[in-house]
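Me: I have a structure open and would like to learn how to read its cavities, its ligand and its backbone. Please take me through them one feature at a time.

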Amino acid sequence: MSPALSTKEDGPGSPASGGLRHPLSPEEIRNVNTRYHDVAAGHYDSKWGIDFGELGHDQVLSKVRKVLGAGGRGLGPFARSLEIGSGTGYFTLNLLRAGVIEEATCSDISPGMLSALNANAERLGLAVRTVPADAEHLPFAEESFDLVLGHAVLHHIPDLARAFSEFERVLVPGGTVLFAGEPSRYGDRLARVPKRAASTVAPLWRRVIGAGPAPPAEGGAPDAALEGVVDVHAFAPGELSAFARGAGLSDVRVIGEELLANWFGWTNRTLEATADPNEVPWAWRWYAYRGYLALQQLDRRLLESRLPPAIFYNLMLSARKPV
Ligand SMILES: C[S@@+](CC[C@H](N)C(=O)[O-])C[C@H]1O[C@@H](n2cnc3c(N)ncnc32)[C@H](O)[C@@H]1O
């Protein structure tokens with residue numbers, strides 16, 4: 001499961017809202033985020049299924065359409081965009097290719113992520129400016145951008161009030177704010193049910209598909225130790241919108257995304273994590289992937305407009321800087 005398909009699980013003891021509840025200080029959080037993502041950058045796209053072809057295009061466009069369409073804002077095009085925590089370029093590069101943004105700036109606290117983004121942009125023949133930056137201290141002049149956006153980044157930022165006031169500062173009057181892929185606190189709690197159920201039935205599942213147990217980890221990936229502390233927040237929809245309103249933004253909307261797709265995805269991811277990856281049949285992977293996409297459609301067509309945002313796994317926010 002990827003940020004493309006879902007945001008990551010929160011680390012132990014990390015979910016916080018409003019005020020910061022985290023074992024590390026804000027400075028330490030920024031530091032571990034830089035180190036963790038610098039190391040993660042090398043295998044990030046393959047680990048999280050980041051795609052810059054048709055699939056990535058459709059995923060990103062569908063999210064942007066949901067959140068901007070819901071606010072009646074349409075799909076731009078936006079002349080100058082700034083992405084916060086852009087990672088390897090999942091959102092910006094796909095939006096550039098789709099013509100939704102015209103001139104792109106990508107910022108991230110991790111220089112390693114920006115190097116991976118530059119390599120992706122070069123491979124795709126796309127022009128993009130990359131600037132290492134902490135979301136709370138943006139090195140850009142007032143009113144420099146028409147769109148400030150991000151995906152799966154707000155939950156890493158210690159001082160969101162400060163970050164949102166920076167987003168507001170660098171936007172032109174009438175400019176748009178768009179964030180997607182933020183973990184919902186209640187959605188995350190609900191998703192623990194299928195995860196627990198999957199852990200219980202995992203031995204039986206492995207027998208059915210003919211796979212042995214996962215081999216013991218040899219010291220773990222170099223970034224694994226930090227994974228549990230890079231996440232800072234999981235949000236209730238009202239908390240997320242309060243940060244935007246507090247910064248003086250207007251037309252604030254928060255919507256939820258993915259319910260059944262996430263339960264299905266986490267069930268399969270939990271099962272697969274217990275098996276030797278070389279022995280998980282291709283047919284199973286195909287079923288898990290196609291099933292996830294089918295349930296995403298069901299969520300989108302049937303549930304997202306009818307159920308309260310809080311119960312979905314991911315939250316999306318759109319807002320505007322008043323003219
Ligand atoms: C889960 S990744 C998402 C990356 C990308 N947006 C995507 O969807 O694939 C979170 C990103 O936020 C960045 N990040 C974490 N804390 C940050 C901060 N305080 N300021 C700016 N970027 C930050 C990380 O370096 C990382 O690239």
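**Reading the cavities and the backbone**

Reply: By class, the residues lining the largest cavity are 15 nonpolar, 12 polar and five charged. Keep in mind that this is a predicted model.

Me: How many cavities of 30 Å³ or more does a search of the whole structure find?

Reply: A cavity is a space where a 1.4 Å probe fits but cannot get out. Searching the whole structure for cavities of 30 Å³ or more gives one. The largest cavity holds about 430 Å³ of space. Its lining has 32 residues, and those closest to the centre are G85, D108, A152, V153 and H156.

Me: Which helices and strands each supply at least two residues of that lining?

Reply: Helix 1 (26–40), helix 4 (90–98) and strand 2 (101–108) each do so. Helix 1 gives the largest share of the lining, with four residues.

Me: What takes up the space of the largest cavity?

Reply: The ligand does; the space it takes is the largest cavity. Around the ligand are 22 residues, and the closest of them are G85, D108, D134, A135 and H151. This shell divides into 11 nonpolar, eight polar and three charged residues.

Me: Which polar atoms of the protein should I look at beside the ligand?

Reply: For polar contacts, look for pairs of N or O atoms within 3.5 Å. Start with D108, where a polar side-chain atom lies 2.5 Å from an oxygen atom of the ligand. In H37, an N or O atom of the side chain is 3.4 Å from a ligand oxygen atom. With I109 the backbone takes part: one of its N or O atoms lies 3.3 Å from a nitrogen atom of the ligand.

Me: How much of the ligand's accessible area does the protein cover?

Reply: On its own the ligand has 590 Å² of accessible area, and the protein covers 99% of this.

Me: How does a pocket differ from a cavity, and what is the volume of the second largest pocket here?

Reply: A pocket is an open set of points, whereas a cavity is one that the probe cannot leave. The second largest pocket has about 270 Å³ of space. Its lining counts 13 residues, with D58, Q59, S62, Q296 and Q297 nearest the centre.

Me: Where does the lining of the second largest pocket come from, and what are its classes?

Reply: Helix 3 (54–70) and helix 11 (282–303) each supply at least two residues of this lining. Helix 3 provides the largest share, six residues. The classes are three nonpolar, four polar and six charged.

Me: What should I look for in the backbone?

Reply: Most peptide bonds are trans, and most residues other than glycine have a negative phi. Against that background, G76 and P77 are joined by a cis peptide bond, with omega about 5°. P77 lies in the loop between helix 3 and strand 1 (78–83).

Me: Which residue other than glycine has a positive phi, and where is that residue found?

Reply: E143 has a phi near 55°, which is positive, and is not a glycine. E143 is in the loop that runs between strand 3 (129–132) and strand 4 (145–151).

Notes:
Residues are numbered from 1 along each chain as its sequence is written. This is a predicted model: local features need pLDDT of at least 70, side-chain atom pairs count only at pLDDT 80 or more; totals for chains, interfaces and linings use all residues. Side-chain values use heavy atoms; hydrogens and water are left out. A residue is near a molecule or strand if one of its heavy atoms lies within 4 Å of it. A polar contact is a pair of N or O atoms within 3.5 Å; within protein, one must be able to donate a hydrogen and the other to accept it, and residues adjacent in sequence count only if both atoms are side-chain atoms. Accessible areas come from the Shrake-Rupley method with a 1.4 Å probe; for residues, only the protein chains shown count as cover. On a 1 Å grid over the protein atoms alone, a cavity is a set of points where a 1.4 Å probe fits but cannot get out, and a pocket is an open set with protein on both sides within 12 Å along at least five of seven lines; lining residues have an atom within 4 Å of a point. A molecule sits in a cavity or pocket if more than half of its atoms lie within 2 Å of its grid points. Ala, Val, Leu, Ile, Met, Phe, Trp, Tyr, Cys and Pro count as nonpolar, Asp, Glu, Lys and Arg as charged, and the others, Gly among them, as polar. Grid points are joined across faces, edges and corners, and a volume is the space filled by probe spheres set on the points.
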